[in-house]
Amino acid sequence: VSTAQLGDVSTTMIYAAMASYAVAFVAFAVDLSSLRDGGPERRRRRAAAIAMAVTWLGAAFHAAGVALRGFAAGRAPWANMYEFTVVFSLVAVLVFLGFSRRRDVRYLGALVTGPALLALGLAVAVLYVAADGVQPALQSYWLVIHVSVATVATGVLSVGAGFSALQLARLSADERASAPPVPAVVAALATPEAPELAPVGREPAGRGSPGGLVRVLRTLPPGEELERLAYRLNAIGFVLWTFTLIAGAIWAEHAWGRYWGWDAKEVWTFVIWVVYAAYLHARSTRGWSGRRAAYLALFGYACVLLNFFVVNLAFTSKHTYAGL
Amino acid sequence: MAPRTAYAPEGLEDPLAEPSLGPAGWARWGWRQLTSMRVALLLLVLLAVAALPGSFFPQRPAEPERVARYLADNPAAGLWLDRLGMFDVYASPWFSAIYLLLFVSLVGCIVPRTGAHVRALRADPPRVPRSLARFPVRGQDVADAAPADVRHAVLASLRGRYRARGGSEAAPGQAPAVLTVRAERGYLRETGNLVFHVSLVGVLVAVALGQLLGHGGQVLVVQGRGFANAVVDFDSFHAGGWFRDSHLTPFTLGLDSFESEFDPVTLQPRDFTANVSLREPGAGPRLETIKVNHPLRIGSTAVYLTGNGYAPALTVRDATGAVAFAGPVPFLPRDSVYTSRGVVKVPDVSPGQEQLGILGFLLPTALVDEDGPRSVFPQPIDPVLVLTVYAGDLGLDDGVPQNVYELDTSAMEPAVDEDGRIVTLVVRPGESADLPGGLGSVTFDGLPRFVALDVRDDPAEGAVLVFALLALTGLGLSLFVPRRRLWLRLTDAGDGRTVIDAAALARGDDPGLRADLDRTLAAAREASQRGPEPSRPPPVEDQ
């Protein structure tokens with residue numbers, strides 16, 4: 001089998017993973033939308049079970065795609081933006097699956113498979129380059145160390161951001177649900193579905209009629225628990241990010257003759273590090289824990305995405321390895 | 001306007017009067033604010049925001065030429081951006097102010113915390129709280145053994161994992177005292193936290209030292225030639241304020257050959273290797289290689305391969321046939337196929353002749369078709385020089401420094417043929433071409449390579465790395481080592497059994513806390529199965 005054929009098989013595997021994630025996403029969404037009729041403990045969640053199985057299948061295709069890509073290129077499969085995107089989305093899916101073996105986090109499924117599908121779509125449609133060797137600046141064992149940890153950090157922070165987003169959604173749903181009753185007309189406007197189709201919710205009568213979305217969000221774990229899960233992942237992500245930063249500095253010293261030069265990528269990596277440091281401090285600062293800390297985490301994750309997609313393509317940087 | 005006093009709350013004589021603090025009071029207030037977590041948080045967010053402009057605007061230390069271009073393109077905005085320090089963000093007063101305040105705040109925070117931690121390390125675990133009922137993680141059980149045996153078993157099970165102390169409480173109106181166990185673990189969590197923050201200060205100090213002591217330069221070396229590690233030999237040189245010439249590591253380096261490999265399809269570079277001869281004092285030449293990612297290290301000095309190209313060897317003769325110029329001229333590559341541009345300045349012509357300037361393009365693998373001559377591959381398979389000749393005044397004599405890669409043609413005329421068209425000469429290695437108008441001739445003698453080298457010496461680099469790794473270790477400890485406290489109260493039930501009341505507390509979210517408490521309760525229960533061990537007195541200090 002030639003390396004070009006291996007590369008093609010790898011790409012096919014990624015397409016198979018995308019198809020699986022698409023099915024899983026729909027199934028997770030069906031599961032979520034049925035949650036508004038009752039709590040998760042009330043009945044079997046067939047859609048969620050299907051979604052989890054298909055997500056496992058997708059992750060298997062995904063991992064096979066990454067491995068074959070490595071064989072096709074004859075090196076670690078994370079040397080350009082296509083490969084980095086494929087690997088960090090795999091890490092995010094694996095973190096989700098790993099979490100779900102310990103506890104029921106299926107409510108997060110749509111927020112993992114959906115973005116993973118999006119990331120893979122972006123990778124194959126925009127960022128794709130054929131499997132090939134790398135330029136001298138990337139020929140280093142630090143490619144294995146620095147970039148692999150960066151992908152893992154990005155994947156872990158992705159799932160952490162998912163929990164933070166759900167935390168904020170749950171908190172605002174709680175507020176909506178406990179808000180004083182609103183006039184019927186306004187309530188009907190605020191509720192997307194027709195009032196006669198809305199099933200009888202679990203909310204006691206006379207507290208207004210919260211929309212379906214609010215009812216779905218109210219079946220999520222409480223904000224504090226989502227916050228704890230987000231924190232655990234973001235803390236791990238922060239340590240990994242610190243390692244990425246240090247390993248990157250060592251590699252920069254080897255390749256470019258200085259460990260730190262305020263290159264655009266270095267600036268953004270530093271900014272992300274500081275934002276997540278602020279997040280960790282915010283959790284132990286009165287008045288900043290909870291919602292504000294979650295906003296900081298999401299801001300940090302937005303910087304992670306910007307640092308990868310925008311800085312690599314639009315900024316003058318030594319980290320322009322997209323190969324586009 | 002209504003008098004302000006109308007809104008005065010009752011009991012306040014003058015609502016505008018504030019308690020007088022005095023300078024010392026203000027200083028104390030300011031220090032308490034600065035070292036508060038809230039202000040540290042604010043400074044962190046500010047630091048993140050303040051770092052961003054450096055990625056949007058070109059920075060002088062890294063890319064001075066892009067700054068100059070930006071200022072030329074945007075004179076009005078550029079002037080103000082420059083005044084605000086946007087082209088040197090990381091040395092600007094406002095950026096420095098933020099990180100220095102942050103570090104002052106950090107030091108102000110870690111000094112008292114270190115003291116508190118040392119005291120905690122010396123002290124016994126905290127006393128058993130009066131009421132264990134208020135703790136969310138707690139357990140109760142009954143063991144078929146006397147309290148002393150249960151306490152013995154608990155202390156044995158905690159040994160190695162917890163710092164534990166046995167004790168007793170005088171129960172009101174009861175003869176047998178209530179026995180207690182207090183235990184704490186995870187002191188490494190706070191140790192790691194302090195190590196992390198102290199190491200950050202260490203990183204900052206080491207970086208600053210590197211700025212003061214570090215030095216380095218760039219040098220372009222043509223195959224067959226070399227340079228000495230001395231300030232005068234560098235094309236450009238930079239050094240910190242504490243640099244002395246004696247800090248330079250003595251050595252000379254010669255470029256023997258240079259090899260490059262390219263992917264035949266994508267033309268992407270695959271390998272660059274410079275084979276060099278290193279000569280250190282008191283030793284013969286040593287053959288070394290320098291690659292991208294593999295600098296040559298000589299003591300604390302490192303030599304990096306940062307660029308490469310071709311330096312065509314040319315001989316220029318003037319109209320009298322005398323050699324006016326001979327030697328290799330570095331041509332700077334402009335694209336992935338190494339189409340390179342260079343300039344030959346020939347001021348030393350025979351008396352009475354005009355100075356010559358040659359603007360040249362090197363095509364390593366030339367292809368000439370209807371689109372004109374161009375290079376199709378970066379390796380020198382069929383190298384061709386395309387030259388335009390100028391005659392006149394090079395402008396070298398008026399003392400203004402010139403760029404060696406640019407030709408100032410303001411006082412020069414291009415050489416033309418009989419029809420007045422500008423002549424382009426095409427020469428291959430070994431060939432000569434006559435300059436138009438009888439100005440002389442040019443010979444393409446050969447095509448040696450050149451490399452661009454960065455020589456750097458930062459004696460504090462190792463310290464930066466050590467502190468960074470210490471910070472990483474401390475961070476891991478401070479986030480992942482669980483800090484837990486356990487308390488047990490063992491009451492004699494009167495029938496040879498013991499009622500166990502236990503509670504556990506953790507710093508932060510700790511999913512393993514319950515399991516730890518359960519494990520301890522299980523050990524307490526097991527005391528009955530093993531039976532009493534009267535022969536070994538338990539480690540107890542009674543209160």
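Me: How much area do chain B and chain A bury between them?
Reply: First, a caution: this is a predicted model. The size of an interface is often given as the accessible area lost when the parts come together. Here chain B and chain A bury about 4100 Å² between them. Carbon and sulfur atoms account for 68% of that area.

Me: How many residues does each chain bring to the contact?
Reply: Chain B gives 45 residues. Chain A gives 48 residues.

Me: How many residue pairs between chain B and chain A are in polar contact?
Reply: There are 12 such pairs, with both residues at pLDDT 80 or more. Several elements of chain B each supply at least two residues to the side that touches chain A. They are helix H2 (37-51), helix H3 (53-56), helix H8 (187-213), strand S8 (269-279) and helix H9 (461-480). The largest share comes from H9(B), with 9 residues. Sorted by class, this side of chain B has 28 nonpolar, 6 polar and 11 charged residues.

Me: How many salt bridges are there between chain B and chain A?
Reply: The count is 2. One of them joins A:Asp132 to B:Arg270, where the closest N and O atoms are 3.3 Å apart.

Me: Are A:Asp132 and B:Arg270 buried or partly exposed?
Reply: Buried means under 20% relative accessible area. B:Arg270 has 14% relative accessibility, so this residue counts as buried. A:Asp132 is at 24%, so that residue counts as partly exposed.

Me: Which residue does B:Lys291 meet in a salt bridge?
Reply: The partner is B:Asp271, at 2.9 Å from N to O. This pair links distant parts of the chain. B:Lys291 sits in strand S9 (residues 286-291) of chain B, and B:Asp271 in strand S8, 20 residues apart. B:Lys291 is partly exposed at 27%. B:Asp271 is buried at 14%.

Me: How many salt bridges does the structure hold over all chains?
Reply: The total is 39. Among them is the bridge from A:Glu225 to A:Arg103, with the closest N and O atoms 3.1 Å apart. These two residues lie 122 residues apart in sequence. A:Glu225 is in helix H8 (residues 223-256) of chain A. A:Arg103 is in the loop between helix H3 (81-102) and helix H4 (109-127) of chain A. Both are partly exposed: A:Glu225 at 25% and A:Arg103 at 30%.

Me: How many disulfides are there over all chains?
Reply: A disulfide is a covalent bond between the sulfur atoms of two cysteines. The count here is 0. As for single cysteines, A:Cys303 is buried at 2% relative accessibility, whereas B:Cys109 is partly exposed at 28%.

Me: How many helices and strands does chain A have?
Reply: Chain A has 10 helices and 0 strands. Of its 324 residues, 57% are buried. Now take its contacts between residues at least 6 apart in sequence. Of these, 83% join residues at least 24 apart.

Me: Where is B:Ser105, and which residues is B:Ser105 in contact with, leaving aside its neighbours within four places in sequence?
Reply: B:Ser105 is in helix H6 of chain B. Its contacts are B:Leu34, B:Thr35, B:Ala40 and B:Leu43. B:Ser105 is buried, with a relative accessible area of 2%.

Me: How many residues apart in sequence are B:Val118 and B:Tyr187?
Reply: They are 69 residues apart in sequence, and 9.9 Å apart in space from C-alpha to C-alpha. B:Val118 also belongs to helix H6 (residues 93-122) of chain B. B:Val118 is partly exposed at 35%.

Terms used
Residues numbered from 1 in each chain as written. Chains lettered and ligands numbered in written order. Predicted model: local features only at pLDDT ≥ 70, side-chain atom pairs only at ≥ 80, totals over all residues. Heavy atoms only, no water. Contact = heavy atoms within 4.5 Å. Buried area = accessible area lost by both parts, 1.4 Å probe. Salt bridge = Lys/Arg side-chain N within 4 Å of Asp/Glu carboxyl O. Polar contact = N/O pair within 3.5 Å; in protein donor to acceptor, adjacent residues only side chain to side chain. Helix = DSSP H or I, 4+ residues; strand = E, 2+ residues; numbered from the N terminus. Nonpolar A, V, L, I, M, F, W, Y, C, P; charged D, E, K, R; others polar. Disulfide = S-S within 2.5 Å. Buried < 20%, exposed > 50% of the residue type's maximum accessible area, 1.4 Å probe, protein only.
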